[in-house]
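Let's take a walk through a protein together, one piece at a time. Keep the picture beside you and find each residue as we reach it.

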Amino acid sequence: MAEKKVIFVAFAIEDERTRDMIKGQSLYTNSPFDYIDMSVKEAYDSDWKAKVKVRIQRSHGVLAIISKNSLSSTGQKWEIACARELGVPVRGIWAYKDDRTAIAGVNTMVWTWDNISNWINGL
């Protein structure tokens with residue numbers, strides 16, 4: 001098995017259930033990635049960006065859950081921009097089969113465990 005990698009997951013709060021599925025997958029012992037849950041459980045405090053930036057810096061890559069909700073998620077947009085600024089690779093996965101929302105500059109793939117594993121293993 002490949003070396004475990006730390007992956008930051010960026011998502012719109014409306015797609016939290018999809019994030020939970022990815023989190024569940026990471027708990028399997030043969031999962032190709034470690035998962036850091038950076039979801040905001042409380043209202044944003046004044047230094048949330050500094051905290052998130054540190055976690056993105058520690059990550060091998062950022063997996064962005066892409067859906068129509070991403071278009072209005074200011075937090076997710078900032079996380080993606082922060083990763084780009086830091087030079088951390090970003091890859092999108094579509095959250096839903098019937099939603100192929102495009103986010104400028106984010107290469108997005110169909111969500112399969114093989115696609116996610118191959119991307120992570122390539123980091």
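Helices here are DSSP runs of H or I with at least four residues, numbered from the N terminus. With that in hand, look for the place where helix 3 is followed by Gly 87, whose phi is positive, near 80°. One thing to keep in mind as we go: this is a predicted model.

Let's stay with helix 3 for a moment. How far apart are its end C-alpha atoms? At 1.5 Å a residue, the 13 residues of helix 3 should span 18 Å, and the end C-alpha atoms are indeed 18 Å apart, which agrees. Now turn to the side chains. Gly 75, Gln 76, Glu 79, Ile 80, Cys 82 and Ala 83 are buried in helix 3. These residues cover an arc of only 160° around the axis, which puts them on the same side of helix 3. On the face turned away from that buried side you will find the exposed residues Thr 74 and Glu 85. What lies over the buried residues? The cover of helix 3 includes strand 1, helix 2, strand 3 and strand 4.

Helix 2 can be read in a similar way. This helix runs through residues 48-57, and Trp 48, Val 52 and Ile 56 are buried in it. Their arc around the axis is only 65°, so they sit on the same side of helix 2. A general rule helps here: an α-helix has 3.6 residues a turn, so residues three or four places apart point the same way. The buried residues of helix 2 are covered by parts that include strand 1 (5-10), strand 3 (61-66) and helix 3 (74-86).

Next, let's look at the nonpolar residues inside. The largest nonpolar core has 16 residues, and those touching the most other members are Phe 8, Ile 56, Val 62, Ile 66, Ala 83, Val 90 and Val 106. At least two residues of this core come from each of strand 1, helix 2, strand 3, helix 3 and strand 4. Which residues does Ala 83 touch, leaving out those up to four places away in sequence? They are Ile 56, Val 62, Val 88 and Val 90. Ile 56 and Ala 83 may sound familiar: Ile 56 is one of the buried residues of helix 2, and Ala 83 is one of those of helix 3. Apart from the largest core lies another core, of 12 residues, among them Val 9, Ile 22, Leu 63 and Ile 65.

Now for the charged residues. Side chains of opposite charge can pair when their charged atoms come close. How many salt bridges does the structure hold? There are 4 of them. Arg 19 takes part in a salt bridge with Glu 16, at 3.2 Å from N to O. Both residues belong to helix 1 (residues 16-26) and are 3 residues apart, about one turn of the helix. Arg 19 also forms a salt bridge with Asp 20, with the closest N and O atoms 2.7 Å apart. Together, Glu 16, Arg 19 and Asp 20 are linked in a network of salt bridges. Is Arg 19 buried or exposed? Its relative accessibility is 4%, so Arg 19 counts as buried. Its partners are placed otherwise: Glu 16 is partly exposed at 33%, and Asp 20 is partly exposed at 39%.

Another salt bridge joins the side chains of Asp 47 and Lys 51, at 3.6 Å from N to O. Here Asp 47 is partly exposed, with a relative accessible area of 34%, and Lys 51 is partly exposed too, at 44%.

Let's finish with two more lysines. Lys 5 has its place in strand 1 and, at 7% relative accessibility, counts as buried. What does its side chain meet there? A polar atom of the Lys 5 side chain lies 2.7 Å from the backbone oxygen of Leu 123, and the backbone oxygen of Ile 120 lies 3.3 Å from a polar atom of that side chain. Lys 97, in contrast, is exposed, at 80% relative accessibility. You will find Lys 97 in the loop between strand 4 (90-94) and strand 5 (108-109). The C-alpha atom of Lys 97 is separated by 8.1 Å from that of Val 110, a residue 13 places away along the chain.

Note on methods:
Residues are numbered from 1 along each chain as its sequence is written. This is a predicted model: local features need pLDDT of at least 70, side-chain atom pairs count only at pLDDT 80 or more; totals for chains, interfaces and linings use all residues. Side-chain values use heavy atoms; hydrogens and water are left out. Buried means under 20% relative accessible area, exposed over 50%, partly exposed in between (1.4 Å probe, protein chains only). The arc is that of the directions from the helix axis to the C-beta atoms. Contact means heavy atoms within 4.5 Å. A nonpolar core is a set of buried Ala, Val, Leu, Ile, Met, Phe, Trp, Tyr and Cys residues joined through side-chain atoms within 4.5 Å. The expected span of a helix is 1.5 Å times one less than its number of residues. A polar contact is a pair of N or O atoms within 3.5 Å; within protein, one must be able to donate a hydrogen and the other to accept it, and residues adjacent in sequence count only if both atoms are side-chain atoms.
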